[in-house]
Structures are given as C-alpha cells and as structure tokens.
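Colleague: I am new to reading structures, and I keep meeting terms that nobody explains. Could we go through this one together?

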Amino acid sequence: MSDAARAALDAKVLAWMREPATLEWPQEEERFDQIARELFHFQFDHCPPYGRFCARQGRTPATVTTWRDVPAVPSGAFKELVLRSFAADEVVHVFRTSGTSARRRGELQLDTLALYEASVLPSFVLHLLPELVRGALPGPVPAVARPRLRILAPTPLEAPDSSLSHMFGVLLRALSLQDAIGPSGFDVAGGELRFESWLHALEEGMAHDAPFVLCGTAFAFVHALDELARRGVRLALPAGSRVLETGGFKGRTRELSREALYTLIEERLCVPPARIVNQYGMTELASQFHDSVLRFSGAPRRKLGPPWARVRLVDPTTGNEVPRGEVGVIVIHDLGNTGSVSAIETADLGRAIADGFEVIGREPGAEARGCSLAMDEMLAGAGSA
Amino acid sequence: MSSFRFGDVAAARARIRDAGRALRARPRGEVLDSLAEVLNRWREPSSKARRSLDLSLPEATGFSREMVRAGLALALERWTGDAFQAVVRRELDPGARGSEPGRTLAVGFEATSVLLAGALPTPTLLAILAPLAVGSPALVRTSSGDPVTARVVASSIAEVDPKLGACVEVVQFPAGDREALEVFLSAECVVASGSNATLRAIAPLVPPPQRLVAYGHRVSITVLGPEALTSTSLPQTCPRVALDIALWDQLGCLSPIAVYAVVPDRLAIDQLASGLASALAQIEQELPRGRVPITGAAAFARARADAELRGAASRSVAVYGTAQDPWCVVREDSAELREAPMHRFVRVHPVADLAALPTALAALSPYLAAVAIDGFGLEARSVAQLMAERGASRVCPPGRMQAPPLGWHHDGQGILTPLCRFSDLEPD
C-alpha cells in the first residue's frame, strides 16, 4: 500500500462520517468490514511494531478475513511506543493522556485532525441534541430554543494536548457556525474552575429560559457541585437542559459513584439522570461512545457509538468474544484511527446491552485474593507506567 | 455465607469480652500449650483442620486442590508447637529480651479485633493465635477472598481447648456496613491487613489510645548473581525460583513479582528467562494454577500483550509462553519497575552489577517484604545486608520464600510485641 492508499482510506471514512446521521444510524456491517480490513492491511504495512506484533500472532492481511480478527493493541502501549502509520516528520498534532508529570503519559500522534474532528460532531449531536436531527445534521433552529454549551474544561489553546478540550473546541466551533447553539464557552482557566463566571453564565441563561448543555469531566462537576453546595445554591436550569460528563476520578482526592454524582447533579442543577449522558472515550481513539438516554429516551441506558466504530467484548484468556450478557474486556475497533492503530484493547470491562454495551469498570474486587501489590503507588514513585 | 448484621457483631464482641476475663485468669503456660498443640495438629495432613481445608479451600479461594495441599505442607513445615513457644520466649520473656527477669510484664489488650485480607491460609492461622498467646480474645473478620480458614482455625482451637475456643469469634460483614465496622474497630487493639488504601481508611476509625497494628501491601523479589546463572547451576536455580512464583499463584506478599539478574551477560539472562518458562510449565503439571477472576485475567493478558508489542518494536524484550499458557515470563530490557499482574506472571530484569542494584530497587524499597538471593558467592552476606537496608524484612534462598519461619518479623515487626502493652516494674 502507499500514501495514496491512506488518502483513499481517509476519504472513505470521512465520507461516512459526513453522511447525514439519523436516529437509527444503520451499522452497515459489510461497509465496516471492508474498510476495516483495508485499514488493517495499511497499518500492518506502515506501523512496523504493530505489523510484527500481528505477524507473531499469525495475523496478516492474508489471514485476517473479518474485522473481528484484527489484533488489538493494549491502550497502555501508547505510553511506551509511538504507534503511527506515517512518517515522523508528518506529525501535525499530539494528544496525550491525562496524568501527573511523575507518570508516563500515553501519546497519540496525528498527521491530520480531519477524521477526529469529523467524528466528533455527529455522535455528540445524536446523543446530546437528538432533537436537532431532522434526517440530517443540525439545521436552522429558532433562536429561543438554542441551547448554550458551558464547558467545565480548559480551552484547546490552554490544553493543546488534551483531546477532550480539542473535542469541545470543535463542537463549539461547528455548532456555532451552524447557528445551533446560543452564547457558549469554557469555564476552566489556569487549571481552575472559574466558578463565578460559570454561575453568572448559568443565571443569565436561566433568565432567558435558554436550556444548557453542561459538559465536563466528572471530577470537574464534583468540584462545581461542591461549591454550589457550600454556598447553599440550587439552580433550576431551564427545561431541556442536559449534562455530558466524562472521565473518572483516578488520582483525585474525592471519588463518587456515578449514581451519587447524578444525584448531586439533580439536586443542585435540577437535571434528572434521564438527561445526563456519560461519554466513553479515550485519547487513543478518534470516536466516542455515549449513553443512549436522550437518543432513545425511556429505553435502557447503554453506550452507543457511530457506525464506523465497533465494540467487541472478549475473554482475556482466549481472546474470543464472550457470550452475550457476560462480562468481557472492551475492545474497540475505530475506523477513525487511520493514522495509528484502529483496534484498541481498553483496560475496562463491559457487558452487552441490547444494541450497545455498559462499562462495568476497571478493577472490581481486584484486591479480593492478593496480599501483594500497591503497584499504583510504587509505579507513581518510580515515575513510570 | 450469610453476612452478620451490626447486632451480631456487637453480640460477638460482648461474648469475647466475657471469655477474655476467663482467659486472663488462666496461667499463660497452659494457654500456650494449647496453642502449640493446635499448630502441631495443623501440621498433620490427616488432621481435621487440614482435611477441612483440603475440602473447602479450593472452592472458596480458587486455588487448585494440589496447590492447597502443597502450599500448606511447605508453609507449615517449620511451624511446630515448639517453634511457637520459642517465639513467645523471644518476644515476651524478659530474660530473653535482655530485661531484668520479672521486672517487665507483657499484657495483652482486653480484646483484639483482627481484620483479615487475602486468601492465604497460614497468615490467618497466625493472626488468630497471636492475640490469644498474649491473653487477648480475638474478634476476627474474614476476608472476602477466604471465608473459610478463620472458621477452621477457630474450630481447631475449640477442639483442643474449648475454653480457649470461646475466646475467638469469627464474623463477616460487608465492607460498606459502617455500623458493624465501627463496633468491630472499637476493640482496644486492632490488627488490620489489607491494601494501603484500606488501611488509610481504617486509621481514623482507630484513634489513640486504641492500638492499630497495620500490615499493608508488600512485594517480594528474587535477586540472582552470576553463580546462580551458570550452565551447571541454572537447572537447580530455575525450579526453585519457579516454585516461589507458582505457590499460591503468586498472590501472597512473599511471592516474587520479579527476578533481578545481576550479571552483565545478556545470554545468561535469556537463558534464565527461558529456564524459568520451562520450570513454570513443569510446575503447572504438578500444581495447576487456580481460578483467575476476569479482572486478573485481563491484567495478565494486557501485560503480556504490552510486552509482546514492546518486543515487536525491536527492543530487547522477549515473551516466553503462549497467550493461553497459565504463566508468563517476560525478559525485560531494563530494571524499570512495571505492572505486576500476578497469577504466575514474572519479569526478568537485567542489572549490570551490584553497584546498580540499589538504584534498580529504589522504587520497590518501601514495599519490600522478602528477597530471595542466590549466586553471589562470597558477596552473599553483603547482598543480604543491602536487602535489609533496602527494607526487606526477610532474606532467604530461592525455593523457600513461601515457607517463612514462624517468627518472621512480618513487615519488620514482632509477632506478639505489637499486640502487647509492656509494663516495667521498678524496684522499691
């Protein structure tokens, strides 16, 4: 394969991402399989460590006959290796996983942001603003109904290596250009929540009865909600407001269960759990998965993704997919990852629910048997991992 | 097993207080004789306790039946009644401790609560016997990983000495049951084993003047010198190291998570990794690995795939064994500390020479439990000294890591002294 092959692959995936999204969003299995195998062939040839990794498993373009056979790399490998399918001098952007300076951070090098950016918008709109989907991406919306986005995260300018900030920047830009949202912005600067301006923005929106889409990391929400509680403030956000929360609490001083967080959000912001969407994504991926609660209200909460990204739940010992309903390791095949590796094995466990899945978490009961190990602490001290 | 409620825990606590009064009235020698007899019976493979563990421990903990038998046999090899009496003399006999005879008294607390962790049976045995030896009744909470052993220990004690048996109450309640936990932790002395996060959570609930004796997570390693890696010594070295790794499926704090090969010869390190792989494959035939929870299996597979990928990136990393093997050996290219997924996953790290060893172990030092050393010839003593200075509370030869002496200073502490108040009686 050649650079022309890569360009052709990018064009195919981009074309898919730019097609009008519908609530049903058909999966198009054959189309996915075809592109996934072409992409595997390309990455096998152009990402030498990945190619050798696959060959040692006997997985080559000749033997891989379905996307389900494409070998996945563990997400942690991005902390150790540069996994890219293009030349080093073509890097235009680098996203890094979150973490402290003492610990090694995962790194995704990109030679184009086009796929990442194209993937963000339809998933977000479909799962956070499904009423904007009229058989096509957002069209003209009456000004009074336009939601405002408040982002509890730093701007892309302040955090250029944060894929999350970049995503929010793309959303603000694209939705503003389409006139689909009202006055919106970021509420974290200099590493701190700008609580007063965030509160002011919310109160101002409430005065205009403009609904909000509040976005941010789970921990940022806890911080903001704690401050509201400390001041005894309870905001009745306008009807139609919703929340997107993402990320976890690792390394933070305070941890909350998702249920507790949603209870707090409802208490302080009057946004019920049925309007709170968890986004499941990671720096190493171009695409994200979202809770279905707004897209399919009333149906069981599960994670859904765009048709160019698939999830397999696998038995870690055999590598085979687990029977439906059983817990397995979440492996994601994302065609948006044309420049790196498309198949990523996450550190998360999940279970299939209807047409989607739920994330069970990382280490439930991991300590039950072992006396050994405080590895996180040790590795943090060693400045590695 | 059904969980206890707050009221059940409170009732158990009240019962051991009553039993404790009778315990303190008894001559200590009589109690120690009973405890020594319990140990002697446990050493008999045909004893009621051992048969009970053979029967129920594999299902409860996930260890294979062969592992339970072999692991207990090795661990109890030196745990005789006499060895127990010797520990008591060493730690509580004023003469043995260098004090003036009869002038220092060791007194146990009115009650001791023992919070168990992990799934290995012998730490549970000792954790229950120790408070009784100092005259303190024990309220014991089983770990979720082993709900069986504590009850077997309690039955064994009652069988030998019913009055002493009344001084042990075994309870189980969910970790989130705050009321039950607070009652449990209200004893004058609390012995807690568990993760560092668990211990940090418990500490505020056991404020002074209560005594908190905490055993946090620890790791063990093996350090091999050139003489253990020659073509003639390697066939002896590898099975011993592999046994240390395989016993209890590498889940104990005395299980080595890594082997440090202090030798400049790259080929010797490759041969060590290969020999370990063969030895682990052989051990699997005799002591099959037990059940692995999905979280453990996922961590194991992820660490293996990560090493495969690093190996594919042309670095000097090699993975031995297939993805389906119940063991994995990774030949690393540096001494850098990495994840330890356990369940028979071991990394072989090169260390150029002894001078580089302290730096290689720096991150591990605060967490070191045991170190097995071999192959250092005349320098063995100084290597052992170095390990002690680095924080190891035990240095032993390979093959003996899972057979600590009864008097091993777990976490660098005494067995009985942390459970006592000492009173110095000065002359008139």
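Modeller: Start with one definition: angles under 35 degrees count as roughly parallel, over 145 as roughly antiparallel, 65 to 115 as roughly perpendicular and the rest as oblique. Keep in mind that this is a predicted model.

Colleague: Why are H11(B) and H12(B) called oblique to each other?

Modeller: Their axes cross at roughly 55°. That value is not under 35, not over 145 and not within 65 to 115, so H11(B) and H12(B) are oblique. The axes of H11(B) and H12(B) come within 8 Å. The crossing of this pair is right-handed.

Colleague: How do you know which residues of H11(B) meet H12(B)?

Modeller: Two residues are in contact if their C-beta atoms, placed from the backbone, lie within 7 Å. On the H11(B) side, the residues include Leu234(B), Val241(B) and Ile245(B). On the H12(B) side, they include Leu272(B), Leu276(B) and Ile283(B). By class, this contact of H11(B) with H12(B) has 13 nonpolar, three polar and no charged residues.

Colleague: What makes H2(B) oblique to H5(B)?

Modeller: Helix H2 (residues 28-42) and helix H5 (residues 81-92) of chain B pack at about 140°. Antiparallel needs an angle over 145, and perpendicular ends at 115, so H2(B) is oblique to H5(B). Their axes are 7 Å apart, and the crossing of H2(B) and H5(B) is right-handed. Among the residues in this contact are Leu32(B) and Leu35(B) of H2(B), with Phe84(B) and Val88(B) of H5(B). The residues of the contact of H2(B) with H5(B) divide into six nonpolar, three polar and one charged.

Colleague: Now chain A. Why are H7(A) and H8(A) called oblique?

Modeller: Helix H7 (residues 218-230) and helix H8 (residues 258-269) of chain A cross at roughly 45°. Roughly parallel stops at 35 and roughly perpendicular starts at 65, so H7(A) and H8(A) are oblique to each other. Their axes come within 10 Å. This crossing of H7(A) and H8(A) is left-handed.

Colleague: What makes one residue in the contact of H7(A) with H8(A) charged?

Modeller: Arg268(A) in H8(A) takes part in the contact. Arg counts as charged, along with Asp, Glu and Lys. The contact of H7(A) with H8(A) has nine nonpolar, no polar and one charged residues. Phe221(A) and Leu225(A) in H7(A) are among the residues that meet H8(A).

Colleague: On to sheets. How do you know that E10 and E11 of chain B pair?

Modeller: Two strands pair if DSSP finds at least two bridges between them. Strand E10 (residues 328-331) and strand E11 (residues 345-351) of chain B have four bridges, in the parallel sense. One example: Cys328(B) has Phe345(B) as its bridge partner in E11(B).

Colleague: What makes E9 and E13 of chain B edge strands?

Modeller: Each pairs on one side only. They belong to an open sheet of seven strands in the order E9-E10-E11-E8-E7-E12-E13 (chain B), with mixed pairing. Neighbouring strands of this sheet are turned by 20° against each other on average, direction ignored.

Colleague: Which helix lies across E10(B), and at what angle?

Modeller: Helix H12 (residues 266-286) of chain B lies across E8, E9, E10 and E11. It runs at about 175° to E10(B).

Colleague: What is the pairing in the sheet of five strands?

Modeller: The pairing is parallel, and the order is E4-E3-E2-E5-E6 (chain B). The edge strands here are strand E4 (168-171) and E6 of chain B. The twist averages 15° from one strand to the next. Inside this sheet, E2 and E3 of chain B pair over four bridges. Ser113(B) has Leu139(B) as its bridge partner in E3(B).

Colleague: Why does Asp249(B) get a mention for its phi?

Modeller: Most residues other than glycine have a negative phi, and most peptide bonds are trans. Asp249(B) is not a glycine, yet its phi is positive, about 50°. Asp249(B) lies in the loop between H11 and E8 of chain B.

Colleague: Which peptide bond is cis?

Modeller: A cis peptide bond joins Pro208(B) and Pro209(B), with omega about 10°. Pro209(B) is in the loop between helix H10 (196-202) and strand E6 (211-215) of chain B.

Note on methods
Residues numbered from 1 in each chain as written. Chains lettered and ligands numbered in written order. Predicted model: local features only at pLDDT ≥ 70, side-chain atom pairs only at ≥ 80, totals over all residues. Axes fitted to C-alpha atoms, helices over the stretch in contact; angles between N-to-C directions. Helix = DSSP H or I, 4+ residues; strand = E, 2+ residues; numbered from the N terminus. Left-handed = near helix turned anticlockwise from the far one by under 90°.
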